[in-house]
Amino acid sequence: MPSKRHAASTTSAPAASTPTSTPKSLSSGPATLKTNASAAEIAQHVWQQYLTTTPQRTLLLDAFMFFLVLVGGLQFLYCILAGNYPFNAFLSGFSAAVGQFVLTASLRMQTSGSGPGSSKPSSKGKNARFAGEDEEQTAGISHERAFADYIFGSLILHFFCINFIN
Amino acid sequence: MRWCLALLLCCLLAAVNALSSSGSRLLVVQEDSTEKSLYSKLWADLESRGYDLTFESPKSDKLALFEHGERVYDHLLILPPKAKGLGPSLTPKHILDFLQKDGNILLALSGKSATSSAISSLLIELDIHLSTDRSAVAVDHFNYDTISAAEKHDVLLLQRPGSLRPDVKAFFDATPPLLAPILRAPVTAYGYNPKEEIPSAEDIQATGSQLSLVSALQARNSARFTVLGSAEALEDQWFSASVKAPGGKKTSTVNQEFAKQLTAWTFKETGVLKVGKIQHHLATEHAERNPKIYRVKNETVFEIEVSEYAYDKYVPFEVPAGDELQLEFTMLSPFHRLALQPVRRTETSTVYGAQFVTPDQHGIFSFRVNYKRPFLTNIEEKHEVTVRHFAHDEYTRSWAISGGWVWIAGLWSVIGGFLAFVVVWLYSAPSSAANAIKKTQ
Amino acid sequence: MAQSSLDALLKGSSGRNTRGLLRILILCTIAAAAVSSRLFSVIRFESIIHEFDPWFNFRATKYLVQNGFYSFWDWFDDRTWHPLGRVTGGTLYPGLMVTSGVIYHILRFLTIPVDIRNVCVLLAPGFSGLTALAMYLLTGEMAPSPSAGLLAAAFIGIVPGYISRSVAGSYDNEAIAIFLLVFTFFLWIKAIKNGSIMWGALTALFYGYMVSAWGGYVFITNLIPLHVFVLLCMGRYSSRMYISYTTWYALGTLGSMQIPFVGFLPIRNSDHMSALGVFGLIQLVAFADFIRSFLPGKQFQKLLTYMVFLTFGLAFTGLIALSATGVIAPWSGRFYSLWDTNYAKIHIPIIASVSEHQPTAWPAFFFDLNFLIWLFPAGVFVCFQKLKDEHVFVVIYSVLASYFAGVMVRLMLTLTPIVCVAAALALSCILDNFLVMSTPKGAAQAKANGNESKSLRSGRNPLVGIYSYFSKAVVTGSVTIYLLMFVAHCTWVTSNAYSSPSVVLASRLPDGSQFIIDDYREAYYWLRQNTPDNAKIMSWWDYGYQIGGMADRPTLVDNNTWNNTHIATVGKAMSSREEVSYPILRQHDVDYVLVVFGGLLGYSGDDLNKFLWMVRISEGIWPDEVSERAFFTARGEYRVDDQATPTMRNSLMYKLSYHNYQSLFPPGQAMDRVRGSKLPTETPQLNTLEEAFTSENWIIRIYKVKDLDNFGRDHSNAVAFDKGLKKKRAAKKRGPPILRTE
């Protein structure tokens, strides 16, 4: 599981950037981005967009997620280099990072869902009606509730990991 | 403690009762009470060694080996009957049952009379084969007694038997799994039927040392059965005769001594091994004795106490040089086969022990000591123990493995990061919450 | 059943609270009905554990209660699989035992003195009540009207397909697993609807519980990812999905790895790979979605498909590479037999020999599900009409479960819940439309008032709906009749087919009175009381758990068929000549051999009928020594009469079954009532074993293995001697002794 996720996050960057350039030329591009923008430009654009639109608290979340990716990546690297002898320890150490990452990502979606989520319906096309439902329901969860859920999930995760690492 | 008492009791019993380790009631089956006198020296000898002799004729109605399913006698000595069989109470089946119940038998045959079919069928059950001719005798034209059998050459002169194998204790200063020939015929002897007119070479059944003049059989339950080829050897006449081999000097026979040894062995005065206390435990101080369960890779100690009965008392048993008492730790097949070494010695016994590590395989194992040697009673001990796997808390912990430190560090850094994040999040809560609310609006 | 339709009637006129109360009451009634219909066997026979596997669970529970949790966790069982033993604590699903242990301790704490056996016997009915509740919740998520939930609860309460595994005394993993299955699915639906971490975590917790209870958890492991995958393919990605799925997967996987028996399987076994793959996929999708929030444009549809294909390809090649290099455990045999029904028959006789693993016969569907089976497609259709996320789930579940139920009889159990859901959806759809009195009436009246000149009939036509009382009455009446028939059918099936403990057999005498055949227990108690505590019993593996549970004696093999070779060894001992079998028996320290023989009574589940499986299984290991062909006559028949092949007649199983059997009959009249054949006149000669016990109806026969002969003879000679036969002196050349084992 962990390897897959990691592979996913590394491969997704080029995968995301290369195909975007071709369809972009077909559609009428938005104002800020030229139609024949290169991959690097798009990436830079994304980065700029990200820095400007993300609230400070979400940045905190992202920092934490980055830290988790770092920890997980290091462990995975070490596993490849040095072998996974106490396999249960490796698993629990690594999956703690992955699990925490996933939970944090979920928290991020719930708390900042209103930010990026608001732009969804316009771009969604035929799925708009479902997206509309999304909107209603994610908005139904308050931030406090989401955070409490997050703590709950994390505690379970930590309990399992500590138990498993023996 | 209780075991010590039992041993003490045993010793007392032995001292009071008789010399034999298994009781003193001896039945002599003899067809003709007049023949009793022929063996008077033997009887006197036996009585002096503490046996209660009972004489019965095979035809007697009172003769019964069992009463209410239990043995009435401990030992049985059968002198050759003249009649065809041994009567209704001594059928081969009865005799085998007698052996089954740990009774000992000394069966003497004679060249003078034909062997009854009952006896020979009994012997065949025990894998002792007599010559097909009922009245065959063994003759030897080189080692005969020139005094009494100058013509017939059917009185054989033999050296005292040597030991069967170099590693066998010699009780007869003196022999196969259950069956051992005690006295073999000399190489120059052959089976011969004196009634036949012309002895032809084809008729000869067995020659030389293929012939066993005295054979012993020890059943799996250590009941002993001895066949003496010639009852005459026990007669008074031969106890103190002097013989002369062709070309040899005139010497006196040692039949009396031999008879004593033979009866002593058959009636379990010698060669009886007894297993005393067996214990096994972990090789730690104050470990529980004889636990039912071990774990894989436990250091284990096994000890067995063996004593040997010698005529009137138990003495420590010594394994002959070149032989060893072995311990097997077995599940389907032995995982360990170890020589047991003498650890210490008590007044009546030797304690043998071994220390080993249980194999890395869980299952139901057994400690086995299987010591079967000719002329010694069998030791066959089997003690089952369970060897279990590691319990969940007996594996090495992750922190004890240096390779695991990385992951532990990873895990705790995640948890630490989580805690720090929660604190920062809560600290930054008011402003950003307001921010978020603004945004949604 | 009737109440639920009544509820629909009352709905319009009662207040909200009253309806809530009524619903609770109805649910309680349903639960009570579910529990009570499972008590047939207790009333008919007694409070006894049924069948085979439950005996082991019962024994394990007793161990747990006596020795505490930790020693149960580390339990090394030295009374089964002699002499290998079984690491029981690490090779079972502890959920069931722990559950009943907890219940027992709670009851004890409340100073209610109960016997652990009664807890075990009544656990399954108790949990079936809870299942009905969970079913109500699950179906309630699917349909707006509560009548569907109530109907589904009532269906699951009494449907024979579920009762078959949960009657009182059937103390098996499935008893609690179905409840957990339904409840986990409910939580999952809840999670995907709400998109909250808490529901996801709860799903994971119950999933963990499910993993600890039943090997069928793999079904959930594959169904939920499939659901997510299908939703992704339909382009219905949402953050709710991400949250609930990733939370479930991360926590659930870790939770399942806490069970020693599962261990690293979720990482290694290919059965679990789909969940991992979908986990990776959803990360990608989430990332893409995240990027999309910064990049406007319609191209994301394409981007998404690109990524789907890319990951799918990557995951697929990765899976193949890992499987090929052997990092991932090979696909398990049971898994193969799911896809290819002939696979097991060819490769793994031990799996094929279990009747539960046979493909399902068509009548079984109707027998177990009755009219639900034809309401089932209708329900699926209803789901297609709405097709929200949860309805997609129902559709996927029903397709998968239908297939699996067709492949294996025992998987009928996983089909049953979804059939109940779908049927309830369909039926409630019908009832909601046909039973509503007030609204259509008003509409009709309004219509009638508005267009007085037109006839009523023509006025109604343009309206969509059913308003005629006649059609309402017909439909309602027929539904009621079907429901009543369903109840009658369920009751009948439960009482006749599923309430037999199979430890105690019941038959009818010609005069109609019941005749109890209690041979099994008779024989097991004989063993318990007449043999030393650690006498090893050899029998075919079917009876291993019962011997362990009832006779409390060590066995060689049992129903936990973890070691095929050991089972084949027993098969070999049974199917070989005595001279071959005896060393095997000696080597494994066997003291008694137990065979089941139905020839006298006509009891068809006996060992001779299972004999071919023994032969096949041992042939799989020793093809040179055991050959199935040798047990058939030249014309390819399996016979036991005087036409039987010599191999058959000399096999230990044959001898043990028919030993002394002929003495029951006048000479030449011996009949085997199971196989309906006349037996040879001479009874088989048995040398190395002696008869120890034969039960009243000869169903169980126990033989004692003789020790080595005291005088070193081989057993046939010893037996001949005991019979008074004299050994022929002429027959001299004796072969080398065969029977030396040590």
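**Confidence, fold and contacts in a predicted model of chains A, B and C**

Residues 114-139 of chain A keep a pLDDT under 50, and the model gives this stretch 35 contacts beyond four places in sequence. The structure is a predicted model, with an ipTM of 0.77 and a pTM of 0.79. For chain A, the mean pLDDT is 64, and 56% of the residues score at least 70. Among the elements of this chain, the lowest mean pLDDT, 36, belongs to helix H6 (residues 120-124) of chain A, whereas the highest, 83, belongs to helix H8 (residues 143-165) of chain A. Residues 1-35 of chain A also have a pLDDT below 50, and this stretch has 67 contacts beyond near neighbours in sequence.

Chain C has an average pLDDT of 80, with 85% of its residues scoring at least 70. Two stretches of chain C with low scores may be noted. In residues 1-5 of chain C the pLDDT stays under 50, and the model has 12 contacts beyond four places in sequence for them. In residues 439-462 of chain C the pLDDT is likewise below 50, and 13 contacts beyond near neighbours in sequence are found in the model.

The secondary structure of chain C comprises 33 helices and 8 strands. Of its 742 residues, 49% count as buried. Among contacts in chain C with a separation of 6 or more, 71% join residues 24 or more positions apart. An unreviewed UniProt entry lists the feature "domain: STT3/PglB/AglB core" at residues 537-586 of chain C. Over residues 537-586 of chain C, 58% of the chain is helix and 4% is strand, and the C-alpha atoms at the two ends lie 12 Å apart.

Chain C contains an open sheet of 4 strands in the order S3-S4-S8-S7, with mixed pairing. Its edges are formed by strand S3 (536-538) and strand S7 (689-694) of chain C, each of which pairs on one side only. With direction ignored, neighbouring strands of this sheet are turned by 30 degrees against each other on average. The edge strand S7(C) pairs with strand S8 (residues 700-705) of chain C in the antiparallel sense, over 5 bridges. Within this part of the sheet, C:Thr694 has C:Arg701 in S8(C) as its bridge partner. Helix H26 (residues 519-530) of chain C packs on the sheet, where it touches S3, S7 and S8 of chain C, and its direction makes about 25 degrees with that of S8(C).

Chain B has 8 helices and 23 strands, and 37% of its 441 residues count as buried. Strand S6 (residues 104-108) of chain B is mostly covered, since 5 of its 5 residues are buried. In a regular strand, the side chains alternate between the two faces of the sheet. For S6(B), both faces are covered: B:Asn104, B:Leu106 and B:Ala108 are buried on one side, and B:Ile105 and B:Leu107 are buried on the other. Strand S6(B) also takes part in two parallel pairings. With strand S5 (residues 75-78) of chain B, S6(B) pairs in the parallel sense over 4 bridges, and B:Leu76 has B:Ile105 as its bridge partner. With strand S11 (residues 224-228) of chain B, S6(B) is joined by 4 bridges and runs parallel; here B:Ala108 is partnered by B:Leu228.

An unreviewed UniProt entry places the feature "domain: OST48 middle" at residues 282-428 of chain B. Over residues 282-428 of chain B, strand accounts for 44% of the chain and helix for 16%, and the end C-alpha atoms are 61 Å apart.

Chains B and C meet through 25 residues of chain B and 21 residues of chain C. The residues on the side of chain C that touches chain B comprise 8 nonpolar, 6 polar and 7 charged residues. One contact between the chains involves B:Glu384, which touches C:Asn534 as well as B:Ile364 and B:Ser366, residues up to four places away in sequence not being counted. B:Glu384 lies in strand S23 (residues 379-388) of chain B. This residue is classed as partly exposed because 18 other C-beta atoms lie within 10 Å, whereas 20 or more would be required for a buried residue. B:Glu384 and B:Lys292, although 92 residues apart in sequence, are 7.8 Å apart in space, C-alpha to C-alpha.

How values were computed. Residues are numbered from 1 along each chain as its sequence is written. Chains are lettered from A and ligands numbered from 1 in the order in which they are written. UniProt positions are given in the numbering used here, feature names are shortened, and annotations may be inferred rather than shown by experiment. Two residues are in contact if their C-beta atoms, placed from the backbone, lie within 7 Å. Ala, Val, Leu, Ile, Met, Phe, Trp, Tyr, Cys and Pro count as nonpolar, Asp, Glu, Lys and Arg as charged, and the others, Gly among them, as polar. pLDDT is the predictor's confidence in each residue, from 0 to 100. Two strands pair if DSSP finds at least two bridges between them. Axes are lines fitted to C-alpha atoms, for helices over the stretch in contact, and angles run from 0 to 180 degrees between N-to-C directions. A residue is buried if 20 or more other C-beta atoms lie within 10 Å of its own, exposed if 12 or fewer, and partly exposed in between; C-beta atoms are placed from the backbone.
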